[in-house]
Amino acid sequence: MGKGLKKRLCWDCRRLLGFREFHQTNQFLSEEEAIPLWNNKHLEFYCCTCFAKRLRNHRKIDRDFKKILFIGLENSGKSAIIDTLRFMHVPINLDLLPTRGCTILDAFINGKGYVLWDLAGTLNYRLRWLTNHKKYFPKTEELFFVIDIQDPSKFAPAISYLKDIVQILKEYHHFNFRTLIILVHKSDPELVHSPEYGEHVETLRNHLEQSDLPNGHGIYATSLMNFDHNHDPETFNQEEFNSFEEIMSCLLRPKKKCPTFI
Ligand SMILES: Nc1nc2c(ncn2[C@@H]2O[C@H](COP(=O)(O)OP(=O)(O)O)[C@@H](O)[C@H]2O)c(=O)[nH]1
Ligand SMILES: [Mg+2]
């Protein structure tokens, strides 16, 4: 992708940036739309770290933004969900690069501002978030823990990670466990009626039951395939959403076709 395109410099730290990195973090653009932007010498480009720093500064002013945390193992679908909700369509290129570090993104949905924190899920990063939780967890208003229902080999490590997170959240007295939402993700419509899906759900349910989670949390089956491409933006804009969970449920949770998880 973008072979032969020249590298650009990050406007702040001067790190060399490749077109692929730019396109992966702006997947709402098709390649045809992205290349002219990349070649436009009047546009400033920032690496993820510098961009996040700029957002943080900007955010000191925008205190109304709600902080939403997306967390879970690698490949569970966090970044794809975030992109879908931010740009109101499923990313054109679903073959995403694994997220590195912590990506902080702003989103305006239905007239409200949100700051979406996407915490990478590989083991080295998981340990980092848990050990330095004071940098990442405070002021979280809703936390989405994403589990890939299609990969049962990851259920045990995912639940163990979730338990570690819950232990930490208990230290944050402002955190309301009603805003801890577990997404049983990749519950694709063509899969949810299969015996295989039923078995996976049963296994996961057993794991969850044994993990002694605090009361109040929600568990929902979601899939990007449930995203309604035909939704009317006008009607959507008139709907009242009191939480990010409601936005998610409107756009990603199974509708009549599929059962919800609980
Ligand atoms: N079948 C299916 N695949 C999905 C869904 N959501 C995400 N994926 C795929 O899962 C892979 C990992 O997604 P990504 O967002 O990078 O995971 P992350 O590491 O948690 O950020 C990508 O190939 C996505 O296309 C979904 O609802 N259904
Ligand atoms: Mg990711």
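**A walk through the predicted model**

Asn-75 is partly exposed, because 18 other C-beta atoms lie within 10 Å of its own, and a residue needs 20 or more to be buried. The model in which Asn-75 is seen is a predicted one. Asn-75 sits in the loop between S3 and H4. Although Asn-75 is not a glycine, its phi is positive, at about 70°. Most residues other than glycine have a negative phi. The loop that holds Asn-75 joins two elements that recur below, S3 and H4.

Before following them, a view of the whole chain is useful. The secondary structure of the protein comes to 10 helices and 8 strands. Of the 262 residues in the protein, 29% are buried. Contacts between residues at least 6 apart in sequence can be sorted by their separation along the chain: 76% of them join residues at least 24 apart.

The next subject is the sheet. In what order do the strands of the open sheet of 6 strands stand? The order is S4-S5-S3-S6-S7-S8, and the pairing is mixed. Strand S4 (102–109) and strand S8 (218–221) are at the edges; each has a single partner strand, so one side of each is left without a neighbour in the sheet. From one strand to the next, the twist averages 25°.

Strand S3 covers residues 66–72. S3 is mostly covered, with 5 of its 7 residues buried. In the sheet order S3 stands between S5 and S6, and its pairing can be followed on both sides. With S5, S3 pairs in the parallel sense over 5 bridges. Here Phe-70 stands opposite Asp-118 in S5. With strand S6 (residues 140–148), S3 also pairs in the parallel sense, over 6 bridges. Three residues of S3 can be matched with S6 in turn: Leu-69 stands opposite Leu-143, Phe-70 stands opposite Phe-144, and Ile-71 has Phe-145 as its bridge partner. Phe-70 thus faces Asp-118 in S5 as well as Phe-144 in S6. In a regular strand the side chains alternate between the two faces of the sheet.

Is S6 largely enclosed or largely open? Of the 9 residues of S6, 8 are buried, so S6 is largely enclosed by the rest of the structure. S6 continues the sheet by pairing with strand S7 (residues 180–185), in the parallel sense and over 6 bridges. Within this pair, Val-146 has Leu-183 in S7 as its bridge partner.

The residue Lys-139 lies in the loop between helix H6 (133–136) and S6. Lys-139 counts as exposed because it has 11 C-beta neighbours inside 10 Å, and 12 or fewer is the condition for that class. Lys-139 is not a glycine, yet its phi is positive, at about 70°. A positive phi of about 70° was also given for Asn-75 above.

Helix H4 (residues 78–87) lies across S3, S4, strand S5 (112–119) and S6, and runs at about 25° to S4. A residue from much further along the chain can be placed in relation to Thr-84: the C-alpha atoms of Leu-224 and Thr-84 are separated by 7.7 Å, while the two residues are 140 residues apart along the chain. Where does Leu-224 lie? Leu-224 is in the loop between S8 and helix H9 (233–238). Leaving aside neighbours within four places in sequence, Leu-224 is in contact with Ala-80, Thr-84, Val-90 and Leu-252. Leu-224 counts as partly exposed because it has 19 C-beta neighbours inside 10 Å, whereas a buried residue has 20 or more.

The last subject is a pair of helices. Two packed helices are described by the angle between their axes and the distance between the axes. The axes of helix H7 (residues 155–169) and helix H8 (residues 195–209) come within 10 Å and cross at roughly 30°. H7 and H8 are therefore roughly parallel to each other, because angles under 35 degrees count as such. Their crossing is right-handed. Which residues of H7 and H8 meet? Phe-155, Ala-156 and Ile-159 in H7 meet Thr-203, Leu-204, His-207 and Leu-208 in H8. By class, this contact of H7 with H8 has 5 nonpolar, 2 polar and no charged residues.

Key
Residues are numbered from 1 along each chain as its sequence is written. Chains are lettered from A and ligands numbered from 1 in the order in which they are written. This is a predicted model: local features need pLDDT of at least 70, side-chain atom pairs count only at pLDDT 80 or more; totals for chains, interfaces and linings use all residues. Two strands pair if DSSP finds at least two bridges between them. Helices (H or I, at least four residues) and strands (E, at least two) are DSSP runs, numbered from the N terminus. Axes are lines fitted to C-alpha atoms, for helices over the stretch in contact, and angles run from 0 to 180 degrees between N-to-C directions. Two residues are in contact if their C-beta atoms, placed from the backbone, lie within 7 Å. Angles under 35 degrees count as roughly parallel, over 145 as roughly antiparallel, 65 to 115 as roughly perpendicular and the rest as oblique. A crossing is left-handed if the near helix is turned anticlockwise from the far one by less than a right angle, and right-handed if clockwise. Ala, Val, Leu, Ile, Met, Phe, Trp, Tyr, Cys and Pro count as nonpolar, Asp, Glu, Lys and Arg as charged, and the others, Gly among them, as polar.
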